[in-house]
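Reader: Please walk me through this one in plain words. I'm new to reading structures, and I'd like the terms explained as we go.

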Amino acid sequence: MAEYPMKRIINLSIITIVFISSSFGQIPDRKQYTATRIITAPVINGLLDDEAWKSGTWAGDFTQNQPYSGRPESQKTEFSILFDDDNLYVAIKAHDTSPDSIVNRLTRRDQQDGDLVGIIIDSFHDLRTGFLFGVSSTGVKYDHMLTNDGQNEDPSWDPNWWVKTSINREGWIAEMKIPFSQVRFEKNSGDVWGIDVGRVLYRKNETTYWQHIPKDASGLMHLFGELRGLERIKPRKIFDVTPYGLARTESFQAIPENPFLALGKQSSLNGGIDAKIGITNNLTMDLTINPDFGQVEADPSEVNLSAYETFFSEKRPFFIEGSNITAFGIGIGDGDVGNDNLFYSRRIGRHPQGYADLKNGWNASVPDQSTILGAAKLTGKTKNGLSIGFVEALTAQMREEIDTVGGRIYKTVEPLTNYLVGRVQKDINNGNTLIGGIFTSTNRQLDANVSNLMHKAAYTGGFDFTQYFQDKNWMFNLNTAFSLVNGSRKAIENTQRSSAHYFQRPDNSYSVLDTNRTSLAGSGGRIQILKLNGHWNFMSATTWKTPGFETNDLGYIREADQILSVLWAQYNQYEPGWIYRKYNINWDIYSIWNFGGINNSKGFEWNANMDLKNFWSIYAGGALRGNNLDQTILRGGPVMKTPGNIYGHFGFTTDNRKNLVFNASVNTTLGFQKCSGNLSYNAGISYKPTNWLVLSFNPGFSKSFSELQYVTSVNVQNMEKYIFASIERKTIITSFRVNLNLSPNLTVQYWGQPFFATGGYYNYKSITNPKAARYGDRFRTFLPDQINVNGDSYTVNENADGMNDYSFNRMDFNVQDFLSNLVIRWEYNPGSSVFLVWSQTRSSSSTSPNLDLFNDLGNLFSTVDNKPHNVFLIKFSCRFGLK
């Protein structure tokens, strides 16, 4: 039976290939522009008052991308490009017949909120990669790296370049100086570069390009115009070194009996070095030694009652920049399945996985995260179309310091670990064919304290193939991957028993638990066909992960032993009409199997989005999910039949160009057999009292009920019993932000998030017949005389003979958190910054399942019993290098 799901993959792949049919999109005539060499460089002041600009050629005649694709621009735009041996100079005149209507707002870097112009340079001329240098009318930089023909954007790419803007009676001007060291190209490759210049006229939501990009185009760079005249330029290797120094002080609740917390405060000094070095003309190495990310916003609070690890997005700049190059996804879309990837950079510098058992009277100092001793990243692309991405990082051995009253001992909680990621991809056939591969490794120096908790070594690898058809309007993609982990018998047994695998399931006949294993191997992959352009888009895809596929040492998977097949379609209406500016609606059907040939679940989903002519947007969606054969709900127990559900959501956002913006949404889920339900509300208000201040407030409330919440499992007379309960949960989570932008280079940002979550368990029950045809026969709810509360635990006497059969802990919870972060950032020179940071964490909890907001607020913000954990730091960095 295990072969049956693999046949489904092969059959689906054959079926999807026949979906390829003719597309009639035409590539617009390709424009050309010739840059002018100059001797005397202009002064970058945003005025264009230098003689140099009189020698260049001015080009215009822009075309709308939206709202009316193909129509002429409503406001004239012109640009000119000059160059010398070291820099490219770009001037853009954004003419405006109503200059007092220019939306002129200050924001943080890479945040668009106002009129914008920019130039995108494909210096590789590979028709896939672009470097965007954009700027708002207030002079705020908007720079992104674009890859995969514009399908992927990397806003964390922050090159060092110069730009000034000014507003006059004819509109506004942007004047740029872009060092050749900030873009990558080969020697003698300046004969032809890809180029496009764009403009956003914010008050009309109008986007225009010099080289027309149709709204229904499948990509960007393959449609670009051409920049000529740079034949004599030479690549400039970047060499930037940025040392930093940091002073940090903390205050927290003093605990006199704990020697590590007795003072209630601590201070430290730290320092490190970041560097960006051009290894060749088009390969750049980023280095960081003893990095610090104290200015990075904290992860949001949550109460996770599932067996799965929460996926958190990466926020650290070193790992964000260029992450699209090292990514190797084997998932589909977003959410749980879409996160599957061979490289999940949050593994590097993670919270220590080990722990020490403390005896009565002992105290411990436990590190919050693993120290990154150093990391290196090599990225780039050769003239022959070979993209390269390598990341290597070394994290320190982390030890828990334990005060045993009679002395101090140290135990390892995270070993010295080396992480390596190598990714290559080759473009051939003018970028229409892509062939690549990836290899990752995790190697740990284990000792007796952690050898049974984690793998000694873990390896993954993969191969990917992508073929575009019909002027890149159709795409076929295949990603395949393997994994291998090595470790002690106990470590590998833990992996087999983990929530990603559950080999111990008693009805699992095809991936049996083997406690003598010292290694585990598996494979996974994704195959898909997509139609990318036009009014109709289609996708047919299948992903698979064998039972032994394990990538969680350096990658991320939520669940192995899974085959997911999806058929998806979307209709797009790009041109305005009736009440809308544009809209789309999509739907899909899916089916999930395991490698035992069991169809675990299937369902139907749909989503719709519409932008209205008043610049509001509305969206809605829903899903119908059939009854499941859930192989994880009993957490290592047999498969259980669970009812399906119906889901729906609706939301809207008002005109985001206005000073006052509202948004609201509602989501609801109703389980069949009345087994579960969820209702959540989210809202948001954003207010811009001035062009340099934004205030936002986003409250949310959810209430949910489930009749089948896992509590624990107990062994009674060599029989495993699975204890569940009904649960009612309430959650309030609110975030508020203040963005104060004093200049393009000086910003103040505050973020705060109060969080309240309660859960009340009741109607405890034992699973009796998990596959019974009738839902109510699958479990038996304990009668009042069978279960008793005994302090913080329950005792169960199933046969009412007066003898307790087993017990388990009381699970009710009431959690309150408050997280906040204040960051003042001054970039006093490109690449050189000063950060002032204040972070505060407050936490409180109880076992009361009742949500009492005002009382909980009082407990959370009590200065007597709940002193906050405050962190203050100042970080100074100074860039040295080539300009």
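Author: Let's fix one idea before anything else: a residue is buried with under 20% relative accessible area, exposed with over 50%, and partly exposed in between (1.4 Å probe, protein chains only). This is a predicted model, where local features need pLDDT of at least 70, side-chain atom pairs count only at pLDDT 80 or more, and totals for chains, interfaces and linings use all residues. Residues are numbered from 1 along each chain as its sequence is written, and side-chain values use heavy atoms, with hydrogens and water left out.

Reader: What is the mean pLDDT of the chain?

Author: pLDDT is the predictor's confidence in each residue, from 0 to 100. In this chain, 96% of the residues reach 70 or more. Residues 1-26 are another story, with a pLDDT below 50. For the chain, the mean is 92.

Reader: Is R408 buried, partly exposed or exposed?

Author: R408 forms a salt bridge with E401, and the closest N and O atoms are 2.7 Å apart. (A salt bridge is a side-chain nitrogen of Lys or Arg within 4 Å of a carboxyl oxygen of Asp or Glu.) Its partner E401 has a relative accessible area of 21%, so E401 is partly exposed. R408 has 39% relative accessibility, so the word for R408 is partly exposed.

Reader: How many residues apart in sequence are the parts tied together by D561 and R505?

Author: D561 and R505 form a salt bridge, with 3.8 Å between the closest N and O atoms. D561 sits in the loop between β28 (536-545) and β29 (562-573), while R505 sits in the loop between α6 and β27. (Helices, H or I of at least four residues, and strands, E of at least two, are DSSP runs numbered from the N terminus.) The pair therefore ties together parts whose separation in residues is 56.

Reader: What is the relative accessible area of D561?

Author: Its salt-bridge partner R505 counts as buried, at 3% relative accessibility. D561 is buried as well, with a relative accessible area of 3%.

Reader: How many salt bridges does the structure hold?

Author: One of the pairs is D777 with R774, at 2.9 Å from N to O. D777 is partly exposed at 41% relative accessibility, and R774 is exposed at 52%. Some bridges share partners, joining R109, D143, D158, R825 and E827 into one network. For the structure, the count is 37.

Reader: How many disulfides are there?

Author: A disulfide is a pair of cysteine sulfur atoms within 2.5 Å. Take two cysteines: C675 is buried at 8% relative accessible area, and C878 is buried at 19%. The number of disulfides in the structure is zero.

Reader: How many residues does the largest nonpolar core have?

Author: A nonpolar core is a set of buried Ala, Val, Leu, Ile, Met, Phe, Trp, Tyr and Cys residues joined through side-chain atoms within 4.5 Å. In the largest one, I81, I119, F133 and M176 have the most contacts inside the core. Strands β4, β5, β6, β7, β11 and β12 each supply at least two of its residues. The size of this core, in residues, is 37.

Reader: Which strands do the buried residues of α6 pack against?

Author: Helix α6 covers residues 489-497, and its A491, I492, E493, T495 and Q496 are buried. Packing here goes by contact, meaning heavy atoms within 4.5 Å. The strands in question are β26 (474-486) and β27 (519-531).

Reader: Which residue in β37 stands opposite N667?

Author: Strands β36 (660-671) and β37 (676-690) are antiparallel and pair over 11 bridges; two strands pair if DSSP finds at least two bridges between them. They form a hairpin with four residues between them, and Q673 in the turn has a positive phi of about 60°. Opposite N667 you'll find S680.

Reader: And which residue in β38 stands opposite T690?

Author: β37 also runs antiparallel to β38 (693-716), with 11 bridges joining the two. A hairpin links β37 to β38 through two residues. Facing T690 is L693.
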